[in-house]
Amino acid sequence: VLLSVVLAVLPACCIAGDDKWDKWEEDAGEEDSGRASALKDDGFGGAGSYVDDTMAHEQYSERLQQQLEALRKEHDEIFGKGDADRDGFMSADEYFQLHREAEDDFGSYDQEELEVGFADLDRDGNTLVSLEEWRQPFEGHIDAWMQMADTEAQQEAQIAHYKDVFNQMDLNRDGELDERELQHEMDNLRVQKRSGLLTEVAVTEEDEGYSISQVSGEDMLRMMDADMSSKISFEEYLLGGEQPNDLEER
């Protein structure tokens, strides 16, 4: 049961959000803090620099690992406190007593709830909980949180990459792509294709396939302009499927 108290710290450590950036800005130096602020202020999780976002993720991951190690140490210390006779195991009575002593801070525990909690920890059914058994649920939660954090970090990095590409295509820096800018991009891709720098890949709409040489800026606008404004916002660009610049990386 006390495991939930320790794990309550994890969302603040693992979920990518404002708290992560606030903590980083408190701990980091002026240079890192400036980068963190830039990334935080960007509405899509990146400041338009894929490299900077990757560096941010690496530094955040390092701090996250430090936080997790501190939580592991705290979790082991709780076991040491419960193991009153210092035999390396926690009996049911010791487990119950540990939670009774914590009731002033965390509220009262139902006896049936405690019995179920102890039985869940006692994997081998010998009526004693070892340190390894004590650690297993904690590590399971850690793994789940880390997978979620890694998935979110990958999504943020991908969005930051698309934001960078979008900004390069946005020639007049108005935050939207018009037909002229889309045509300019398609013309650049055709030049790369003729020079052998780009492999031909079909751009598909419904059941019809179009090669790069056939697709115009008008076609791209029609495929991505969800609100019929004659301009493409970054959100529409993200939702538009595989974008022209992705073809350069094939």
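How many helices and strands does the secondary structure of the chain come to? In this predicted model, the count is 12 helices and four strands. The chain has 250 residues, and 38% of them are buried. Its exposed surface is about 14,100 Å², with carbon and sulfur atoms supplying 47% of that area. Of the contacts between residues at least 6 apart in sequence, 59% join residues at least 24 apart.

Helix α10 is a useful place to look in more detail. This helix covers residues 179–194, 16 in number. From first C-alpha to last, α10 reaches 22 Å, close to the 22 Å expected at 1.5 Å a residue. At its start, the backbone nitrogen of Arg-180 has a side-chain oxygen of Asp-178 within 3.2 Å.

Which residues of α10 are buried? They are Glu-181, Leu-182, Glu-185, Met-186, Leu-189, Arg-190 and Gln-192. An α-helix has 3.6 residues a turn, so residues three or four places apart point the same way. The buried residues of α10 pack against two other helices, α9 (131–169) and α11 (217–224).

Leu-182 also belongs to the largest nonpolar core, which has 15 residues. Along with Met-169, Leu-177, Met-220, Met-224, Ile-232 and Tyr-237, Leu-182 touches the most other members of that core. At least two residues come from each of α9, α10, α11 and α12 (234–239). The most are given by α9, which contributes four. Another core, of 12 residues, lies apart from this one, and its members include Tyr-95, Phe-96, Tyr-109 and Trp-134.

How values were computed:
Residues numbered from 1 in each chain as written. Predicted model: local features only at pLDDT ≥ 70, side-chain atom pairs only at ≥ 80, totals over all residues. Heavy atoms only, no water. Expected span 1.5 Å × (residues − 1). Buried < 20%, exposed > 50% of the residue type's maximum accessible area, 1.4 Å probe, protein only. Contact = heavy atoms within 4.5 Å. Polar contact = N/O pair within 3.5 Å; in protein donor to acceptor, adjacent residues only side chain to side chain. Core = buried A, V, L, I, M, F, W, Y, C linked by side-chain atoms within 4.5 Å. Areas by Shrake-Rupley, 256 points an atom, 1.4 Å probe, with all protein chains shown as cover.
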